[in-house]
Amino acid sequence: MRLFAGAPKLRGVFVNRSFVSMKLGFAPAAFLVLAATLPILSAQQPAGPSTKTPAGSDQNAHRTVDQKPATAAAQTPAQIELLETHIRFEPDGASRKEVHARVRINTELGTRQFARLNFDYNRAFETVEIPLARITHASGGTADILPSAVTDQPNPAVADATAYQDIRRKTVRILGLQPTDLLEYRVVTTAHAPLAPDFYLFHTFAKDAIVTHEQFELDLPSSRAVQLRVNPATAPSYEGKTGEGPESRVIGRWEYRWSSPEGKKKSSQDVFAEPDVALTTFTSWKQLSTRLAEKFETTENIAPPVIEKSNDLTKPSGKPEEKIEAIYDFVSQKITTVELPLESNGFRPRAPEEIISSGYATPEDKMVLFSALTRAAKMPAIVALAGAPDAAEKMLPRPSLFTHTLAWTGTGKEGPGFWVDPSTEVAPFRMIGANLRGKPAFLLLPDTKENSSLSPWVTVPVDLPFAASQQVTVDAALAADGQLSAKVHYSLRGDNELLLRVAFRQTAKEKWRDLAQLLSISDGFRGQVTNVTASDPSNTRQPFSVDYEIVMPKFVDWTKKPVRIPALLPQLGLPDASANAVAGAAASAIDLGTPLDVDTHATLQLPPGTTAHAPTGTSVERDYATFASKYAIQGPDSAENLTLTASRRIHFLLREVPASRVMDYKAFVHAVQNDEAQDFTLERATSADDHAKPAVKKTSSQTKP
């Protein structure tokens, strides 16, 4: 999810932390609605505009409005006419960053977006000052924002976590802002790099129409060996030196204007590519691994309370893997995750015994605790960073490339190692999110003789620890007046399971109906959802299940002759072959994602006096996927009622379809879509009495939770 940040923001402390990228077996659009709509599925976001980044960390220029570039300032709620950023590093890693912005307010929405400026920082190693905040009215008058309009409080994400109260949010209330006003402000952040004397940074220009003119200046000490990479498309407008000897410095300046033809061309570049400006003082990834290991890895002298807790957790278990699972369950579910991005606490993990006592921890602190408890049980555990781009190893070494922490562990000689992620509180044991599987992970290896020849880079396995499956059962009855009543049951194992576990775990029960309503929409049901239940999200040893009831008035119109209705089954989500096609380019392989077995079944009881005709089933088999459907009419029963049955099953067997078989895959998709387009045909003679008869549902056919 991308949110309009209003004021320009260098990579803020609180950015979205996505835990899973889904491969959907059915109804992908609505599951994306779940991910993009429900606030519980996103990390804590700033309440308004922010320009804050910890100095000494990477500096990503902007997160701007998620919309098409405007052709004129008036098309956007607010236009950043000028954005200046000056960053100066000292030899010891200390830094000073000054941001100056001039923002033209165009609409009432713009006034609301800039009514508050939020600056997130960590007071343990940073200070934030706001020497200027001024409104210039269209009439020419000016109004300076008074110091009383500035507040400094713990970030909302740590409001109940006293151990992390250094993570702050400084807020400026901008009172009296109106359309056509010009808002101007300066923000100065001074900091000592968390990994001093080393420091690192990246900057990417805002390549859209929200920022008209951007200037970036970098001031570096000549005495430090700095690796610097600059995008050739954004060459500096000035390079020079100042001073002599140890006091000499290197200066670089860049300018970017949206109105230029090259600016518009750059706007189409991949936003996830290398930044325009990147630097680091780390000489290698190996050096960075060692430095971070010093921060994250505790010593072999594990504290007695941690050893005692490890013994208590593992005593009932027999096999080594069962012991690790017991530790995992405790860390993942009994220690509440405080959702903070990786660098927000300055790589200062808390002591494991403190985490146990408090009952909460950041994701990286949970990894430290898991590692200590596991090593106390005489089994290996290594903290790793994940979430970096596929080509991260070829980029300049810097921890800001990572968004997630994992732990590698194992049972020693009895079996291979495996990965765990206790920060996602309801992830089943050994399950890693789809967005991290098959991606690079960076091991934090202490500087020892045993580790000297090891590469810190490894790949997280792509496989799940269990077979992925989704079962959907619909048990419905159609009334004489055309109303449909149905009970829907889901049972999931795999990536969608994790999505729903998190959603239901973090949503109050009185709001579960909203989640189920989104599920019903994803299945094509447009009725009113009631009576929602779900299994315990923390019971990760069993598939996650959801049950709800739904009523759809006027589902059929009996005056039509004949009535055609679809099978009451979710639409199966198939990757679109055309999505990979580019005009004039060769065909590429089609990603099917994690192998997945999707089984859907529906029954529909018809009112008395109804006749029906069923479509013909389909069966298609390939080595990469199979599909089969069946449709039938059962009855009549003792009450002269017919029951329609329908089932569809698709089994994704391989992860991808080779480019050479794209046409075959298109034929497979065409066969599935043709089957889904088939309808049942109903006919009945209507009477006045029929409209008053409710649906009578046989309890024997009801789906049990």
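**View 1. Packing of helix 11 against surrounding strands in the predicted model****.** In this predicted model, the buried residues of helix 11 pack against strand 27 (590-591), strand 30 (619-621), strand 31 (625-634), strand 32 (643-652) and strand 33 (656-657). The residues of helix 11 that are buried are V662, Y665, F668, V669, V672, D675 and E676. These buried residues lie on the same side of helix 11, because they cover an arc of only 145° around the axis. As a general point, an α-helix has 3.6 residues a turn, so residues three or four places apart point the same way.

**View 2. Length of helix 11, residues 662-676****.** Helix 11 comprises 15 residues, which at 1.5 Å a residue should span 21 Å. The C-alpha atoms at its two ends are 21 Å apart, so the expected span and the distance in the model agree.

**View 3. The open sheet formed by strands 3, 7 and 6****.** The 3 strands are arranged in the order 3-7-6 and form an open sheet in which the pairing is antiparallel. Strand 3 and strand 6 (150-154) stand at the edges, and because each has a single partner strand, one side of each is left without a neighbour in the sheet. From one strand to the next, the twist averages 20°. In general, strands of a sheet pair through backbone hydrogen bonds, either parallel or antiparallel.

**View 4. Strand 3 and its pairing with strand 7****.** Strand 3 (residues 116-122) is mostly covered, with 6 of its 7 residues buried. Strand 3 is joined to strand 7 (residues 167-173) by 7 bridges, and the two strands run antiparallel. Among the facing residues, F119 stands opposite K170 in strand 7, while D120 stands opposite R169 in strand 7.

**View 5. K554 in the loop between strand 25 and strand 26****.** The loop that holds K554 lies between strand 25 (544-552) and strand 26 (563-566). K554 has a relative accessibility of 74% and therefore counts as exposed, the cut-off for exposed being over 50%. When residues up to four places away in sequence are not counted, K554 touches G482 and Q483. The C-alpha atoms of K554 and D481 are separated by 7.3 Å, although these two residues are 73 residues apart along the chain.

Key. Residues are numbered from 1 along each chain as its sequence is written. This is a predicted model: local features need pLDDT of at least 70, side-chain atom pairs count only at pLDDT 80 or more; totals for chains, interfaces and linings use all residues. Side-chain values use heavy atoms; hydrogens and water are left out. Buried means under 20% relative accessible area, exposed over 50%, partly exposed in between (1.4 Å probe, protein chains only). Helices (H or I, at least four residues) and strands (E, at least two) are DSSP runs, numbered from the N terminus. Two strands pair if DSSP finds at least two bridges between them. Axes are lines fitted to C-alpha atoms, for helices over the stretch in contact, and angles run from 0 to 180 degrees between N-to-C directions. The expected span of a helix is 1.5 Å times one less than its number of residues. The arc is that of the directions from the helix axis to the C-beta atoms. Contact means heavy atoms within 4.5 Å.
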